[in-house]
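I opened the notebook to look up a few side chains and their surroundings, and I write down here what I found, entry by entry.

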Amino acid sequence: LLGASVNANMDSVTEFLKLLFLLSVHNWHTAVAGNKYNCDDQLVSALPQSSFSSSSELSSSHSPGFARLNRREGAGGWSPLVSNKYQWLQIDLGERTEITAVATQGGYGSSDWVTSYLLMFSDSGQNWKQYRQEESIWAFSGNTNADSVVYYKLQHSIKARFLRFVPLDWNPNGRIGMRIEVYGCTYRSEVVGFDGKSCLIYTFNQKLMSALKDVISLKFKTMQSDGILLHREGQNGDHITLELIKGKLSLLINLGDTKSHPSNAQINITLGSLLDDQHWHSVLIEHFNNQVNFTVDKHTHHFHAKGEFNYLDLEYELSFGGIPVPGKSGTVSRRNFHGCFENIYYNGVNIIDLARRH
């Protein structure tokens with residue numbers, strides 16, 4: 001991981017080192033995380049035998065390495081020692097990959113096929129997450145015979161290194177039998193690691209910034225339940241803070257002007273839960289005039305920030321992972337972020353790339 005650590009001495013702010021990144025280009029290009037086009041390469045067919053594993057195998061000729069789509073080697077596919085719902089077939093793609101589709105077959109020329117299965121994914125091969133669709137765990141419809149291919153385009157692509165097929169049901173007159181293919185492409189990403197004592201500061205050229213719209217997007221992964229993800233402050237105590245609190249994300253907008261707008265002085269929106277599960281979670285904040293869209297993973301909260309939010313006198317500086325100066329905004333007790341960020345963009349500017357290039 002690329003470390004971007006800035007250690008602040010609580011006793012001497014003058015020794016605090018800022019990382020300043022000045023945007024000096026006139027043409028902005030909106031960068032997209034991951035590949036969105038032609039991401040349908042066959043990923044399994046070229047993998048070595050060592051990339052396949054399983055819960056068990058019926059025999060050496062039914063080993064997981066024979067589970068390639070349309071192949072007839074061995075017994076013509078993978079079958080476990082016992083057909084029950086505790087079996088699984090796993091592939092290691094070798095690197096974090098964007099997976100856009102899957103396909104299955106039964107065992108060649110047999111009565112062995114799977115009629116329903118779950119899909120699980122992982123970056124480490126130890127901490128697994130189930131593929132979900134329409135807010136629920138998604139059971140894929142499998143095969144009705146041994147040789148027809150059932151192809152399924154994922155509604156939401158998966159970014160992972162490891163993929164696991166978990167059979168739920170199979171031909172009652174046979175046993176579990178599978179041949180598989182996975183489609184996708186290499187996932188392009190840039191990652192920065194934070195140690196809980198650091199932050200990354202981006203100072204941008206105010207002449208080139210959009211006065212009407214701000215878009216901030218990033219992904220994060222952590223095992224800590226609390227931490228500051230981003231902070232932006234104004235001259236009069238007004239600020240915007242995105243903070244992980246007890247595994248939930250809280251977007252706090254403090255308008256600062258409590259005298260003119262006492263009822264609108266503070267807005268606090270909370271989304272998500274159990275976000276400290278060491279899986280990647282996506283965040284998108286869109287601010288246009290006084291309209292705000294706050295999205296965590298696939299859940300979006302739309303709201304209007306009343307008062308004069310669209311006229312906030314905010315500094316042309318964003319801090320990621322913490323608040324740079326101790327005591328700012330009364331946040332001494334708040335914890336800095338400890339974990340990883342991926343693909344941080346501010347109005348199309350790749351922040352991690354700027355940090356990497358100093």
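Entry one. I looked up Tyr183 in this predicted model and noted a relative accessibility of 12%, which is why I list Tyr183 as buried, the cut-off being under 20%. I then turned to the aromatic pairs, of which the structure holds eleven. In one of them Tyr151 and Tyr183 meet edge-to-face, with 5.4 Å from centre to centre and 65° between the planes. Because Tyr151 belongs to strand 10 (residues 150–170) and Tyr183 to strand 11 (residues 179–186), this pair ties together parts that are 32 residues apart in sequence. I also checked Tyr151 itself, which at 46% relative accessibility counts as partly exposed.

Entry two. My next pair was Tyr202 with Tyr346, and I asked how far apart the centres of the two rings are and at what angle their planes stand. The centres lie 6.1 Å apart and the planes are at 65°, so I entered the pair as edge-to-face, a term that needs an angle over 60 degrees. Tyr202 is found in strand 13 (residues 200–203) and Tyr346 in strand 23, so here the pair ties together parts that are 144 residues apart in sequence. I noted that Tyr202 and Tyr346 are both buried.

Entry three. I stayed with strand 13 and asked which way its side chains point. Leu200 and Tyr202 point one way, Ile201 and Thr203 point the other way, and all of them are buried. I added a reminder that in a regular strand the side chains alternate between the two faces of the sheet. Looking for the partner of this strand, I found that strand 13 pairs with strand 22 in the antiparallel sense, over four bridges, and that Leu318 in strand 22 stands opposite Tyr202.

Entry four. Following the chain on from strand 22 (317–320), I came to Ile323, which has its place in the loop between that strand and strand 23 (338–346). Is Ile323 buried or exposed? Its relative accessibility is 12%, so I count Ile323 as buried. I also recorded that Ile323 and Ser198, although 125 residues apart in sequence, are 8.9 Å apart in space, taken from C-alpha to C-alpha.

Entry five. I closed with other aromatic side chains, and wrote down that Tyr117, Tyr131, Trp138, Phe140, Tyr152 and Phe165 form one aromatic cluster. For Arg164 I made two notes: its charged end sits over the ring of Trp88, 3.7 Å from the centre of that ring, and Arg164 also lies over the face of Trp128, at 4.2 Å from the ring centre.

Key: Residues numbered from 1 in each chain as written. Predicted model: local features only at pLDDT ≥ 70, side-chain atom pairs only at ≥ 80, totals over all residues. Heavy atoms only, no water. Helix = DSSP H or I, 4+ residues; strand = E, 2+ residues; numbered from the N terminus. Buried < 20%, exposed > 50% of the residue type's maximum accessible area, 1.4 Å probe, protein only. Phe/Tyr/Trp six-rings, centres within 6.5 Å; stacked < 30°, edge-to-face > 60°. Lys NZ or Arg CZ within 6 Å of the ring centre and 35° of its normal. Pairing = 2+ DSSP bridges.
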